[in-house]
Structure formats: C-alpha cells, structure tokens
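Please open the structure in the viewer and keep the selection panel at hand. The tour proceeds by selection, with a short account of what is found at each stop.

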Amino acid sequence: MAIYLDNAATTKPCTAAVEAALEAMRVNYGNPSSLHRAGLDAQLAVDKSRKIIADSLGVDSSTVYFTSGATESNNLALRGASAAYGRKRRRIVISSVEHASVEETAADLEKRDFEVVRVTPGENGRFSAMDFLAACNDDTCLLSMMSVNNETGDILPVAEVFAAVKRKFPHIITHCDCVQAYMKIPVKPAAMNADIVSLSAHKIHGVKGVGAIYIKKGVRVLPLVTGGKQEKGIRSGTESVPLIAAFGAAVDELLPTMNERFSRVAELKRHLLGLVDEIDGISVNSHDEASPYVINISAEGKHSEIMLHFLENRGIYVSSGSACSKGKQSGVLEQYRIPMKRADSAIRVSITADTTVEELDSFVEALTDGIKKIRS
Ligand code: PLP
C-alpha cells in the first residue's frame, strides 16, 4: 500500500463524492438547461451543491458560480475584474508567493499594459499589511492574495490586509485564492472583506475538473467564456453535473468535522516535526504557525527530486517542495527567504486527518535512509 503524503497536490475523493458523481452519471444525466423533467432534476442537483457551498462560506447561493477549477476561477477573477474595472485603473497588486494560476495571469496582464506590483514577505518571511497598503493606490483596480500558501502552508494575513486596503481604497476589488484554506480553516468572504474567492474541489476530497468562484453582489466580473449563458453568463458551457454534485457532497461531508480534523492534523504535524528534529541536517521551511496540512522540510544537500524518487521507490509519495509543475521551480521558497541550497532540497509533505502516525513513522524512516544513501 502506497503512503500518500501529497494532499496539497490533490486528495482522494471521499466516498460521498464518488457516490454523488456516479448517481449523477447513472440517473441524473440530464442537461441543466433543458426544460423537461430530466433537465430540472439536473439543475436541482447543481443548485443543491451551490447551496451547500454558499452556506459553507456564509454567503447567498446567487453569488456562487461553478467553474472547471481554481485555475479558471483565478483567471476569471484577475482577467474578469480587471476588464471590468481596469479601463481607468491600471494597477494590480498581488503577493509574490501566489500560485501560478494567479502569478502567470498577472504576468500576462502585465504584457497587456497593466502595472503589476508584487508584495514580498519581510526579512522574517512574514507579510505585513502595511506593505500591501503601500503598494495600493488610486490607480489600483485589483488586489489578489492567497489565504494559505500551497508550498509552505504559510497563512497570509488576508483579513487584516483587505480591511486596511478597503478602509483607504474602497474601490479596490479584493480577491482571495482560498484553495488550500477551504475546509481546513474557516473561509468567510464577509469576515475577510473579500469580494471574490476561488475554490477547487479536488483539494477537498471532491473530483478534479470543478471549482467555484464567489463574486460579491454588485462586483462586476466580465466572463472569459461566452456562449449559452450558463451560471448567469459568468461561465458559459453545460455544467458538469457529476463533478458539481461530488463537490457539494464532499463539502457536506467534511464541513461538520473541520475543527476536529484540524486538531488531528496539527497533532500529526507535531509528531512528524518531533521525529524530524532528531535527524541531523533537516531544516523546516514552514513557519510554526503555518497550516499543519502542509509541512515543507529540507534534507540539506540532498536534491529534492532525487529524494522524491528515493521515497517513491519505498512507496511514499511527496512533492518536491519548491516545484510548481513537473520540476520547474516556482521561486516561492526564495520569496520566503529560504536559501537557494536549502530550497533545492525541499520536500513538501501534505497530510490529511486520515494520515496515520505509522505512515509518518515510515516516511521518517525512509527519509533517514535516503539521507544516508543519497550522495550530497
Ligand atoms: N491555487 C492554489 C493555491 C493551488 O494549490 C492550486 C492547485 O495546485 C490551484 C490554485 C489550482 O487549482 P486547480 O487544480 O483546481 O486548477
């Protein structure tokens, strides 16, 4: 049996999600736009999931739209909001540690005459609200900042930043990528002062290929995809009823145990760090206060990918901690002031409440062996 410690990349769909998807494929296969009973039943399934997700965010169902995933939600937030508000205001402010779906989108907008300001963490690897405030001005249309970093688990001070920015610049649209926060820590757009929030189903035991975007009432976002005006024209295209039903089922199943799961995962993190502390040459790249779901460590001098494959040969799956896709370094660890040499050996261990102490013990055993066997 493989030991899967790569849950920030994707999670195993829960039984409720799989069953909901199967039910939608076997029985409820109508097109939500059709006017007959089969269409209505499909629309009801979509709206049921919409209500579950809206309730989890504490928002009205009419403000939640389904997309193909958080990459699309993030594109829609940046491109759609800047298209709506950016005619006169040409500045976009983001954090320097955003996921590629925000960073690359901002970089593309930069080529289209937007000015992009990237706010970096301070010397201590922490973000300060003052720095975001200083980066914003009257010319700014959008501020995008993630809630939990996918490489380090760092919890960014989103509520504090958005409140400070909204106080001084109420016209700025605030967007938060909540992919690694959702179902792990509370995500409430109103409490965060977020106008737009992005979510992904496959990070929370749903199925790949579906996500959601919350857009506050009154906030204008121009669609990226035009067509049959599904999702009130925000995202045309026939809704994937099976994936959406699975998304709702996963949220319904997981939300009641969020705090319990968090405590368990925090306990697992403590256990892991206790073991890792005993091993010479290991540094922890995540802050103590980071989300316990993501633990980034370095076995110094042992290249990430070599260690990753060494562990894989032992049936243990982790990520190389500084890669955004297939070995291409994202530079996020550098932003967090992790020295290059240490970043080169970073390993990301991402767990869930279902991870066991025994699995972590096996990981540490294999890691220790890897440190001995892999040449520096
Ligand atoms: N944002 C963050 C923080 C992520 O970790 C990911 C996935 O890795 C995404 C966005 C993209 O999500 P999706 O796979 O649903 O497109």
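A disulfide is here a pair of cysteine sulfur atoms within 2.5 Å. The structure shown is a predicted model, and a search of the whole of this model finds 0 disulfides.

**Stop 1: the cysteines.** Select Cys136 together with Cys141. Why does Cys136 form no disulfide? The closest cysteine sulfur to that of Cys136 belongs to Cys141 and is 10 Å away, which is too far for a bond because the cut-off is 2.5 Å. Cys136 is buried, at a relative accessible area of 4%. Next select Cys14, which is also buried, with a relative accessible area of 11%.

**Stop 2: the ligand.** Select the ligand and display its surroundings. Which residues come nearest to the ligand? Of the 14 residues around it, these are Thr71, Asp177, Ser200, His202 and Lys203. Among the elements of the structure, α3 gives the most to this shell, with 3 residues.

Three side chains deserve distance labels:

- Asp177: an N or O atom of its side chain is 2.6 Å from a nitrogen atom of the ligand.
- Ser200: a polar side-chain atom lies 2.7 Å from an oxygen atom of the ligand.
- Gln180: a polar side-chain atom lies 2.8 Å from an oxygen atom of the ligand.

The ligand taken alone exposes 400 Å², and the protein buries 86% of that area.

**Stop 3: helix α4.** Select residues 100-111, which form α4. This helix has 12 residues, and the distance from its first C-alpha to its last is 16 Å, close to the 16 Å expected at 1.5 Å a residue. Which residues of α4 are buried? They are Ser101, Val102, Thr105, Ala106, Ala107, Asp108 and Leu109. To see their packing partners, add α3 (70-85), β3 (91-95), β4 (115-119), β5 (140-144) and β6 (173-177) to the selection. Just after the helix, select Asp113, where phi is positive, at about 75°.

**Stop 4: helix α6.** Move to residues 158-168, the extent of α6. Colour Val158, Val161, Phe162, Ala164, Val165 and Lys166, which are buried. The buried residues of this helix pack against α5 (129-135), β5, β6 and α7 (189-192).

**Stop 5: Asn28 and Asp41.** Select Asn28, in the loop between α1 (15-26) and α2 (37-57). Is Asn28 buried or exposed? Its relative accessibility is 17%, so Asn28 counts as buried. Beyond its neighbours within four places in sequence, Asn28 is in contact with Glu23, Ala38, Asp41, Ala42, Ala45 and Val241.

Of these contacts, label the one to Asp41: a polar atom of the Asn28 side chain lies 3.2 Å from the backbone oxygen of Asp41. Asp41 is placed in helix α2 and counts as partly exposed, at 28% relative accessibility. Then add Gly30, whose C-alpha is 7.3 Å from that of Asp41, the two residues being 11 apart along the chain.

**Stop 6: Ser128.** Finish at Ser128, in the loop between β4 and α5. Ser128 is partly exposed, with a relative accessible area of 25%. A polar atom of the Ser128 side chain lies 3.2 Å from the backbone nitrogen of Met130. For a distance across the model, select Glu267 as well: Ser128 and Glu267 are 139 residues apart in sequence, and their C-alpha atoms are 28 Å apart in space.

Technical notes
Residues numbered from 1 in each chain as written. Predicted model: local features only at pLDDT ≥ 70, side-chain atom pairs only at ≥ 80, totals over all residues. Heavy atoms only, no water. Helix = DSSP H or I, 4+ residues; strand = E, 2+ residues; numbered from the N terminus. Expected span 1.5 Å × (residues − 1). Buried < 20%, exposed > 50% of the residue type's maximum accessible area, 1.4 Å probe, protein only. Contact = heavy atoms within 4.5 Å. Near = heavy atom within 4 Å. Polar contact = N/O pair within 3.5 Å; in protein donor to acceptor, adjacent residues only side chain to side chain. Areas by Shrake-Rupley, 256 points an atom, 1.4 Å probe, with all protein chains shown as cover.
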